[in-house]
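Here is a short note to read with the model open beside you. Take the points in order and find each element as it comes up.

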Amino acid sequence: MKKLDLGCGNSKKEGYIGVDSLSLKNVDIIHNLDRYPYPFDENEIDEIIMDNVLEHLSDPVKVLEEIYRISKNGANIIISVPYFRSVYAYIDPTHRNFFSSFWFDYFDPTNIYFEKYAYAKVKFRVKKIEFDKEFKKERIRFWHRIMIYIAEKHRVFYEMRLSHLFPLNSITFELRVIK
């Protein structure tokens with residue numbers, strides 16, 4: 001099973017091949033993720049994680065096309081990004097892109113946005129969306145836990161009515177490649 005940690009930096013996940021543009025201790029392959037194609041064959045990868053990387057890249061749709069190209073059918077893709085309402089989305093001057101919980105719906109063939117807009121020919125099933133995943137194992141305040149629950153169970157209501165009042169920090173998308 002071939003697994004990639006794209007943009008791993010110094011935090012490469014165990015059991016993964018680390019890819020980053022910097023020559024760091026845990027990086028296995030040095031490659032700028034804004035340069036295409038990625039140094040992998042078509043249908044080669046079983047799993048990819050990107051932890052707080054996609055928001056830094058110049059063309060996220062092109063990145064998804066490359067992930068799709070190198071991934072096998074059914075590959076698991078886990079992408080974590082700052083939530084667009086979060087202060088963390090805007091304090092980093094290298095962030096170029098901002099994400100709501102609906103961003104990947106445009107690539108899911110079960111969603112109306114996929115058919116209506118067709119930004120790319122790649123297909124990913126959105127399997128799971130988690131808000132503030134990194135906080136769930138910690139002891140968090142009652143209201144924080146309630147907002148996470150509402151955001152995950154009632155996304156439209158949360159994003160349209162509450163997210164500007166109670167912004168969460170991050171979103172983690174679990175996707176499955178459909179070929």
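In what order do the seven strands of the open sheet lie? Keep in mind that this is a predicted model.

1. **The sheet.** The order is β3-β2-β1-β4-β5-β7-β6. The sheet is open, and its pairing is mixed. Trace the seven strands one by one in that order.

2. **The edges.** Two strands stand at the edges: β3 (29–30) and β6 (124–131). Each has a single partner strand, so one side of each is left without a neighbour in the sheet.

3. **One pair up close.** Look at β6 beside strand β7 (residues 170–177). The two pair in the antiparallel sense. Seven bridges join them. For one of the residue pairs, start at F124: its bridge partner in β7 is V177.

4. **A helix across the sheet.** Find helix α1, residues 60–70. This helix lies across β1 (3–6), β4 (45–51), β5 (71–82), β6 and β7. Against β5, α1 runs at about 150°.

5. **Two helices in contact.** Two packed helices are described by the angle between their axes and the distance between the axes. Now apply that to helix α4 (residues 142–153) and helix α5 (residues 155–162). Their axes come within 5 Å and cross at roughly 120°. The angle is neither between 65 and 115 degrees nor over 145, and α4 and α5 are therefore oblique to each other.

6. **Who makes that contact?** From α4 come M147, I150, A151, E152 and K153. From α5 come R155, F157, Y158 and L162. By class, the contact of α4 with α5 has six nonpolar residues and three charged ones. Polar residues are absent from this contact.

7. **The loop between β3 and β4.** Two residues here deserve a check. P37 lies in this loop, and a cis peptide bond joins Y36 to P37. The omega angle there is about 0°. N43 also lies in the loop between β3 and β4. N43 has a positive phi of about 55°, although it is not a glycine.

8. **The largest pocket.** How much space lies in the largest pocket? The volume is about 180 Å³. Its lining consists of N52, S80, E130, K133, E134, K136, K137, S170 and T172. Five of the lining residues are charged and four are polar. The lining has no nonpolar residues. Set that beside the contact of α4 with α5, where six residues are nonpolar.

Definitions and conventions: Residues numbered from 1 in each chain as written. Predicted model: local features only at pLDDT ≥ 70, side-chain atom pairs only at ≥ 80, totals over all residues. Heavy atoms only, no water. Axes fitted to C-alpha atoms, helices over the stretch in contact; angles between N-to-C directions. Helix = DSSP H or I, 4+ residues; strand = E, 2+ residues; numbered from the N terminus. Parallel < 35°, antiparallel > 145°, perpendicular 65-115°, else oblique. Contact = heavy atoms within 4.5 Å. Nonpolar A, V, L, I, M, F, W, Y, C, P; charged D, E, K, R; others polar. 1 Å grid on protein atoms, 1.4 Å probe; cavity = no way out; pocket = protein on both sides within 12 Å on 5 of 7 lines; lining within 4 Å. Points joined across faces, edges and corners; volume = space filled by probe spheres on them. Pairing = 2+ DSSP bridges.
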